[in-house]
Amino acid sequence: MTTFAHRITATDGAARTGLLQTAHGDIATPAFMPVGTAGTVKAMTADAVRATGADIVLGNTYHLMLRPGAERVASLGGLHRFMDWPGPILTDSGGFQVMSLAKLRKLDPDGVTFQSHLDGSTHRLTPARSIEIQHLLDATITMALDECTSFPATHDEAHASMQLSMRWAERSRDAFRQRDGYGLFGIVQGSIYPDLRAASARALTTIGFDGYAVGGLAIGEGQATTFTVLDATVPHLPTDAPRYLMGVGTPDDLIGAVQRGIDMFDCVIPTRAGRTARAYTSRGVFNLRNARFADDAAPLDTACFCLACTRHSRAYLHHLFKAEEILGPMLLTWHNVHYYQDLMRGLRAAIASRGLEAFASATRAAWAPEELS
Ligand SMILES: [Zn+2]
């Protein structure tokens, strides 16, 4: 028997570290989930993703429902087998991508109707259908369907949008089939307004979820506001359940959010940056297209033990990007995901030894400003 349980083993201030036990294996928290949009973490094999130390990856319901289709994935044995990732998978609800990618979308009180950005075909997503799709994909962690409130929004707009999301959260809960080791997360909305965030957190807690996500952030409000919203939200969430900050962020964002009690993250930054020659390292951010790397025989990051850093030079990576060789994005994506996992390992160890403040200061100080590009 596997239960879906978050066992917190140490705390340091508001930060916590522990183990989330699931049907597909344990997740060390705080955890960073590489984004595997369409059944692949772009430019990486599943083995390579595992080798970075990632315990869990994210799949996108919107992309997978349109192509190859949730029923097809189910008939092929589920997303774990389909993408050769036996470990835990979290799928989003599809709502965010419907709003950002789909054409001719129309929102109503029961769901959203939209046209595929691929072929213009019409589809409908309701709370029950989103949960069903995620069930077909065999998601370890299923997300409730919500409406990501656009930014900026007035208090009235954010209130109405949050209330719709809370009704959908209840319908999502009703549609979810509880299974051993599987979990359903609710999503706190409420834009930048502390009273709405608190009300949303309380409404979700009343419904009762296996974990709680904070959504509708990192959409242009800025880091200071993101942190202010977290400060107004986290105290209203249950202590033991995992807390997931959706779509965040830079290494600096992750440190600040962990300090505020967040346990899980996902973001396209490390993978997207890897395809555009941007390297996240222990010394800051590099752009490997920069001509100053053409003759640089040093490893990208001497503190990193990924394939790119142990076997290759900055000059070689620079050359791969200049020559538009596909190995460039592959190696740099591997490195960036590895760096993010190194950061999470460091954060977990620092919380366990009650040295989070010192770790955060030292990590930030090492990001040399003159290297930023
Ligand atoms: Zn590396």
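**His338**

I looked up His338 first and found it in helix 14, which spans residues 327-352. The model is a predicted one. I then asked whether His338 is buried or exposed. His338 has a relative accessible area of 8%, and because the cut-off for buried is under 20%, I entered His338 as buried.

Next I listed the contacts of His338, leaving aside neighbours within four places in sequence. The list holds Ala51 and Thr52, then Cys304, Phe305 and Cys306, and also Arg345. Arg345 falls within the residue range of helix 14, 327-352.

**Helix 14 and helix 15**

I checked how helix 14 runs against helix 15, residues 356-366. Their axes come within 8 Å and cross at roughly 150°. Angles over 145 degrees count as roughly antiparallel, so I noted helix 14 as roughly antiparallel to helix 15.

Which residues make this contact? From helix 14 I wrote down Tyr339, Leu343, Gly346, Leu347, Ala350 and Ile351. From helix 15 I wrote down Leu356, Phe359 and Thr363. By class, I have seven nonpolar and two polar residues in the contact, and no charged ones.

**Cavities**

I searched for cavities of 30 Å³ or more and got three. The largest cavity has a volume of about 40 Å³.

I then took down the lining of the largest cavity: Thr149, Ser150, Phe151, Ser191, Ile192, Gly216, Leu217, Ile219 and Glu221. Sorted by class, this lining has four nonpolar residues, four polar and one charged.

Notes: Residues are numbered from 1 along each chain as its sequence is written. This is a predicted model: local features need pLDDT of at least 70, side-chain atom pairs count only at pLDDT 80 or more; totals for chains, interfaces and linings use all residues. Side-chain values use heavy atoms; hydrogens and water are left out. Helices (H or I, at least four residues) and strands (E, at least two) are DSSP runs, numbered from the N terminus. Buried means under 20% relative accessible area, exposed over 50%, partly exposed in between (1.4 Å probe, protein chains only). Contact means heavy atoms within 4.5 Å. On a 1 Å grid over the protein atoms alone, a cavity is a set of points where a 1.4 Å probe fits but cannot get out, and a pocket is an open set with protein on both sides within 12 Å along at least five of seven lines; lining residues have an atom within 4 Å of a point. Grid points are joined across faces, edges and corners, and a volume is the space filled by probe spheres set on the points. Ala, Val, Leu, Ile, Met, Phe, Trp, Tyr, Cys and Pro count as nonpolar, Asp, Glu, Lys and Arg as charged, and the others, Gly among them, as polar. Axes are lines fitted to C-alpha atoms, for helices over the stretch in contact, and angles run from 0 to 180 degrees between N-to-C directions. Angles under 35 degrees count as roughly parallel, over 145 as roughly antiparallel, 65 to 115 as roughly perpendicular and the rest as oblique.
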